[in-house]
Amino acid sequence: MSAITTIADLEQLYGVPGDASTEKVADRITPPYRTLIERSPFAALATVGPEGLDCSPRGDLPGFIHIHDDKTLMLPDRHGNNRIDSLRNVVRDPRVALMLLIPGSTSALRINGRAIVSAEAELLSSFYVKGKAPRTVMVMTIEEIYFQCGRAILRSDLWNPDKHVDSATLPTPGQILASMTDNRVGGEDYDRTWPERASQTMW
């Protein structure tokens, strides 16, 4: 299989981007972009480290990403599995990217920049939900922010409930774990007890 190996070849193939593709890019949070951030309950967080790239889901109540000022976002790290892949990466390489989604909207919001990880007590306390604070907060300095047009969401029909997959047709986490550990981890008990565990450790 042949590969395209130069930027010149790519640009010759795709041509020049239109004004809408370049004029939408800002180096700070504009009022419309502020609205999108405040309404989003979900983000994909991309980081990079010595082992390679990582992309991790982040979800919470709308507005969970705090806007400190027009150049700074703050993202809490809620209760999880303690792998801390993203945080390990940020500590070693500050480059990060976010893609925010809003249910029902065909636009995605993309944000690139650099981040640090903080466990400062006063900062953590500003993210309390149901009496619980995150373990850390990622503080991101924005380098560029822009919306992504809706073609991908429209093509995928992402928000159409008639197209949602029946979860009963998919392998469960317990089944996946059992198959990978010769039934040592996971199984029916894992799936049966997980909803209660999750409800007790959501934040």
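Helices here are DSSP runs of H or I with at least four residues, numbered from the N terminus, and on that basis isoleucine 7 is found in helix α1, which covers residues 7–14. The model is a predicted one, and the points below take up a nonpolar patch on its surface, three buried residues with their contacts, two residues with positive phi, and the two cysteines of a model in which the count of disulfides comes to zero.

**Nonpolar surface patch**
- Ile4, Ile7, Leu10, Leu13 and Tyr14 together make a nonpolar surface patch of about 570 Å².
- Isoleucine 7, one of the residues in this patch, counts as exposed because its relative accessibility of 55% is over the 50% cut-off.

**Serine 56 in strand β2**
- Strand β2 spans residues 52–59 and includes serine 56, a residue that is buried, with a relative accessible area of 14%.
- The side chain of serine 56 makes a polar contact with the side chain of arginine 58, at 2.5 Å.
- When neighbours within four places in sequence are left aside, the residues in contact with serine 56 are Ala43, Ala44, Leu45 and Ser86.

**Aspartate 60 after strand β2**
- Aspartate 60 is placed in the loop between β2 and β3, the latter being residues 66–69.
- With a relative accessibility of 13%, aspartate 60 falls under the 20% cut-off and therefore counts as buried, although it lies in a loop.
- The side chain of aspartate 60 makes a polar contact of 2.8 Å with the side chain of tryptophan 203, and Trp203 also appears, with Pro41 and Arg78, among the residues in contact with aspartate 60 once neighbours within four places in sequence are set aside.

**Isoleucine 142 in strand β7**
- Isoleucine 142 has its place in strand β7, and at 1% relative accessibility this residue counts as buried.
- Leaving aside neighbours within four places in sequence, isoleucine 142 is in contact with Asp27, Ile29, Asp70, Lys71, Leu73, Ile111 and Asn112.
- Although isoleucine 142 and alanine 97 are 45 residues apart along the chain, their C-alpha atoms are separated by 9.3 Å.

**Positive phi outside glycine**
- Lysine 130 has a positive phi, near 50°, while being a residue other than glycine, and its position is in the loop between α5 (121–125) and β7 (136–148).
- The relative accessible area of lysine 130 is 71%, and this residue is exposed.
- Asparagine 183, which is not a glycine either, has a positive phi of about 70°, and this residue lies in the loop that runs between α7 (173–181) and α8 (188–200).
- Asparagine 183 is exposed as well, with a relative accessible area of 61%.

**Cysteines without a disulfide**
- The count of disulfides comes to zero, and for cysteine 55 the nearest cysteine sulfur, that of cysteine 149, is 19 Å away.
- Because a disulfide requires cysteine sulfur atoms within 2.5 Å, the separation of 19 Å leaves cysteine 55 in no disulfide.
- Cysteine 149 is likewise in no disulfide, its nearest cysteine sulfur being that of cysteine 55.
- In terms of accessibility, cysteine 55 is exposed, with a relative accessible area of 55%, whereas cysteine 149 is partly exposed, with a value of 29%.

Conventions
Residues numbered from 1 in each chain as written. Predicted model: local features only at pLDDT ≥ 70, side-chain atom pairs only at ≥ 80, totals over all residues. Heavy atoms only, no water. Helix = DSSP H or I, 4+ residues; strand = E, 2+ residues; numbered from the N terminus. Buried < 20%, exposed > 50% of the residue type's maximum accessible area, 1.4 Å probe, protein only. Polar contact = N/O pair within 3.5 Å; in protein donor to acceptor, adjacent residues only side chain to side chain. Contact = heavy atoms within 4.5 Å. Patch = residues over 30% accessible without salt bridge, like charges linked within 9 Å, V, L, I, M, F, W, Y side chains within 5 Å. Areas by Shrake-Rupley, 256 points an atom, 1.4 Å probe, with all protein chains shown as cover. Salt bridge = Lys/Arg side-chain N within 4 Å of Asp/Glu carboxyl O.
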